[in-house]
Amino acid sequence: MTTAVAAPFRFFSLQVARTRRLSPSLVRVSLTGEDLRHFVSDGRDQSLSLFLPHPGQDEPRVPFELGDGWWQGWRELPDGVRAVMRSYTLRALRRDALGRTVGIDVDFVLHTPAGPASAWAARAAAGDRVVLLGPAVADNRAIRFRPPEDTDLVVLWGDESALPAIASILESLPAGHRVRVWLEVRDPGDVRELTTAADAEVTWVVGQGCVDAVRAAALPPAENPYVWIAGESGSVKTLRRHFVQERGVDRRRVTFVGYWRRGMSEEQLRETE
């Protein structure tokens, strides 16, 4: 039985309900489980920590029994035993008639060569077990998209790792809200229609060059823009500098998140933070 670590987050023991290939580079994994009745989130770019088993394991190994000491205990497990830990964005959640969460969706980017999470997602099947460290409070610090109330233009940039977050953000925005979006993907088949009530202009860039496209673009006039950029760390840093130094956006109105770094695993990236 899993136990809470520290509010507003806790562990959830879950299993795969189904998978669906969304595009050449994306697969959606739907998760379910009794623990989800304690899962609460306002969505948008809600970050989650997902623990996956190694090939041959029936379930991921996470030392819940250590309580708040789980992190150190997890790090001390042998490499081939310790659950694979990866950060992902909640794509969607489903609730029952009483408002309790009964299912969530997580979208995975498929790579070649595949990393451990990409390989797991490609072969995931109903009944496979995972562990999630996620929110037990709707408004929590793992939600980064927080435009000030006076925002009159939202600017979003992301590569395919940020596509689930951007899609969720767009769904959350009210009608008439002005939004300018750039999305970089590797395959033309990954381009899709995104649902939003906002007044959104979405630019897709296939292959590299999305950073240059943003730099060259003319933005609509705005007194109080808000910028959210996420994806590969090098590109994110370059664009943050561009918006603050070249476009004069107040740095307090720029949210930037490095989801991954070119040439580094998540374990290596975590050790540098």
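The legends below describe close-up views of a predicted model.

**View 1. The largest nonpolar core of the predicted model.** This core has 25 residues. L31, F39, I104, F108 and W120 are the members with the most contacts inside the core. At least two core residues come from each of strand 2 (9-23), strand 3 (26-32), strand 4 (47-52), strand 5 (84-95), strand 6 (101-109), helix 2 (116-123) and strand 7 (129-135). Strand 5 gives the most, with four residues. In soluble globular proteins, nonpolar side chains tend to be buried together.

**View 2. Surroundings of I104.** I104 is one of the residues with the most contacts inside the largest nonpolar core. Leaving aside residues up to four places away in sequence, I104 touches L14, V29, S30, L31, L36, F39, L90, A92, L93, R94 and L132. L31 and F39, both in this list, are also among the core members with the most contacts.

**View 3. A second nonpolar core.** Separate from the core around I104, this one has 22 residues. Its members include F145, I169, V179 and V181.

**View 4. Strand 2 and its pairing with strands 3 and 7.** Strand 2 pairs with strand 7 in the antiparallel sense, over seven bridges. Within this pair, F11 has L133 of strand 7 as its bridge partner. Strand 2 is also joined to strand 3 by seven bridges, and these two strands run antiparallel as well. R20 stands opposite R28 in strand 3. The connection from strand 2 to strand 3 is a hairpin through two residues. Strands of a sheet pair through backbone hydrogen bonds, either parallel or antiparallel.

**View 5. The open five-stranded sheet.** The strands of this sheet follow the order 10-9-8-11-12, with parallel pairing. Strand 10 (199-206) and strand 12 (254-260) are the edge strands, and each pairs on one side only. On average, neighbouring strands are turned by 10 degrees against each other, direction ignored.

**View 6. Strands 8 and 9 within the open sheet.** Strand 8 (residues 153-159) and strand 9 (residues 178-185) run parallel and are joined by six bridges. W157 has W182, in strand 9, as its bridge partner.

**View 7. Helix 5 on the open sheet.** Helix 5 (residues 233-246) packs on the sheet and touches strand 8, strand 11 (225-232) and strand 12. The direction of helix 5 makes about 160 degrees with that of strand 11. Of the strands touched, strand 12 is an edge strand of the sheet.

Notes. Residues are numbered from 1 along each chain as its sequence is written. This is a predicted model: local features need pLDDT of at least 70, side-chain atom pairs count only at pLDDT 80 or more; totals for chains, interfaces and linings use all residues. Side-chain values use heavy atoms; hydrogens and water are left out. A nonpolar core is a set of buried Ala, Val, Leu, Ile, Met, Phe, Trp, Tyr and Cys residues joined through side-chain atoms within 4.5 Å. Buried means under 20% relative accessible area, exposed over 50%, partly exposed in between (1.4 Å probe, protein chains only). Contact means heavy atoms within 4.5 Å. Two strands pair if DSSP finds at least two bridges between them. Axes are lines fitted to C-alpha atoms, for helices over the stretch in contact, and angles run from 0 to 180 degrees between N-to-C directions.
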